[in-house]
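Work through these exercises with the model open beside you. Try each task before reading its solution.

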Amino acid sequence: MLVRRPKLWLIPAVLAALVALLLSLLYMGGILDPNGNLHHLPIALVDADTGAPPPGQQQNIGAQVAQAVVAGSPSGQFDWKRVGPAEAQDMLASGKVYGALEIPADFTASLGALVTGGGTVRPTITVLTNPGLGSLGSSLASQVTQNAAHQSSLTIGKQLAAAPAASGLDGTARLLLADPVAVTVQVGHAIGRHSGLGLTAFYYALLLVLAGFISGNLIHSGVDTALGYADSEMGPWHTRRPTVPITRTQTLVLKMVMTAGISLLTTSMVMLACIAILGMDASHIPLLWIFSYCACLAIGLGVQAINAAFGGIGQLVSMFVFIALALPSSGATVPLQAAPTIYRFLGSFEPMRQLAGGVRAILYFDARGDAGLMRAWLMIIVGVAGALVFGFAMTQYYDRKGLRRLTPQPMPPQTD
């Protein structure tokens, strides 16, 4: 019986086991310990305190808090950007920071009033979030800034309580002085209600990748069937068309032209479903469509080039290039600053990272070039050029070597 032949089992078993192992390592390895993998997560730190330094000190309390926040953070985990209020807002609006910590202008004066008994309201340090960069990244930044603000409040309280001016305060005032700073959390850069808490950019980019990948493989199989280089089977029906004499290069041209045409349809269907039917928040609709089309086209052309170069295992290779390696290194769900080093390396060139950054810029950050859109356009151009050069270099090489595609032949009848 065929099932008892070891060679029949060997290749599928080895490939399936390797794929399962690699996918498990890739996907789970990137999300297990985001806090432990933190590496230079950018957060804005705004010290707007204009108060005079307390007696005997060289810095006002706002400057002391800002310095303590930076010094108290674990080395290498956070990248504190010391900026002014306007620059912090611009960085939030361009997606350059995951959050911000703001110390108000009257911070020192308000704390001094608490010590002298003339104040009854605690000064407030504001934590600003940036949900457009994803819920996890914004949450990580919010957690660290809130913890830093609370620790600063307790430290300041001990210092103020030990000051000579606080010796005459009553019990209520001393209780207020023990934790003298209030911490509030606000949205630093708002996004729409129908934005999936900042995840629509990731899922929309994923749809573009899947649309380009699936349509590219469908075109690849359909053209091979139509040209007679592959059989067509639908249920019990089987057909084989006459083989069309055509070179590998000509076949690739045909597949790429069809990819460019069909991508017009797939792009429109993605936008129709997401925006018109489901109501996803989206702005700059014409730009989003053009970007989406170019993204689908780049993925589709890449699929055709890989299939032309690798033949039967091309679909497996392109699956790893465009999906298996791309998803965990996209930085759209888990920030790359919270992922292991290998994912930060992959994110520098994997297409999903570039497309998610471009979509995010269009959907959440007013299509600003410095929010990731310019990089996305550049990488799309590089991807298209790379697919064309690689694909045609391989097919022309095969054609020059005379490595023509052979027509599948049925097995000869068995004789007893």
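Buried means under 20% relative accessible area, exposed over 50%, and partly exposed in between, with a 1.4 Å probe and protein chains only. The model is predicted: local features need pLDDT of at least 70, side-chain atom pairs count only at pLDDT 80 or more, and totals for chains, interfaces and linings use all residues. Residues are numbered from 1 along each chain as its sequence is written, and side-chain values use heavy atoms, without hydrogens or water.

**Exercise 1. Describe the sheet: strand order, edges and twist.**

Step 1. Fix the terms. Helices (H or I, at least four residues) and strands (E, at least two) are DSSP runs, numbered from the N terminus. Two strands pair if DSSP finds at least two bridges between them.

Step 2. Read the order. The 5 strands run 2-1-3-4-5 in an open sheet with mixed pairing. At the edges sit strand 2 (78–83) and strand 5 (182–187), each paired on one side only. From one strand to the next, the twist averages 25°. Axes are lines fitted to C-alpha atoms, for helices over the stretch in contact; angles run from 0 to 180 degrees between N-to-C directions.

Step 3. Take an antiparallel pair. Strand 3 (residues 99–103) and strand 4 (residues 124–129) share 4 bridges in the antiparallel sense. Leu 101 has Val 127 of strand 4 as its bridge partner.

Step 4. Add the helix. Helix 2 (residues 61–72) packs on the sheet and touches strand 1 (41–47), strand 2, strand 3 and strand 4. Contact means heavy atoms within 4.5 Å. The direction of helix 2 makes about 165° with that of strand 1.

**Exercise 2. Trace the chain from strand 1 to strand 2 and give the handedness.**

Step 1. Check the pairing. Strand 1 and strand 2 are parallel, over 6 bridges. Opposite Ala 44 stands Lys 81 in strand 2.

Step 2. Follow the path. The chain leaves strand 1, passes through helix 2 and reaches strand 2; this β-α-β crossover is right-handed. The test: with the strands pointing away from the viewer, the path from the first strand over the helix to the second runs clockwise.

**Exercise 3. Does the length of helix 13 agree or disagree with the expected span?**

Step 1. The expected span is 1.5 Å times one less than the number of residues.

Step 2. Helix 13 (residues 373–400) has 28 residues, so 40 Å is expected; the end C-alpha atoms are 40 Å apart, which agrees.

Step 3. Look at the packing. Among the buried residues of helix 13 are Leu 373, Ile 380 and Tyr 398. Their cover includes helix 8, helix 9 (285–310) and helix 12 (351–364).

Step 4. Look past the end. Gly 402 follows helix 13 and has a positive phi, near 75°.

**Exercise 4. Classify two aromatic pairs.**

Step 1. State the rule. Rings of Phe, Tyr and Trp (its six-membered ring) pair if their centres lie within 6.5 Å; planes under 30 degrees apart are stacked, over 60 edge-to-face, the rest tilted. This rule gives 8 aromatic pairs.

Step 2. Phe 291 and Trp 377 are edge-to-face, at 5.3 Å centre to centre and 85° between the planes. Phe 291 lies in helix 9 and Trp 377 in helix 13, so the pair ties together parts 86 residues apart in sequence. Phe 291 is buried at 0% relative accessibility. Trp 377 is partly exposed at 22%.

Step 3. Phe 310 and Phe 390 have centres 6.5 Å apart and planes at 35°, so this pair is tilted. Phe 310 is partly exposed at 41%, and Phe 390 is partly exposed at 33%.
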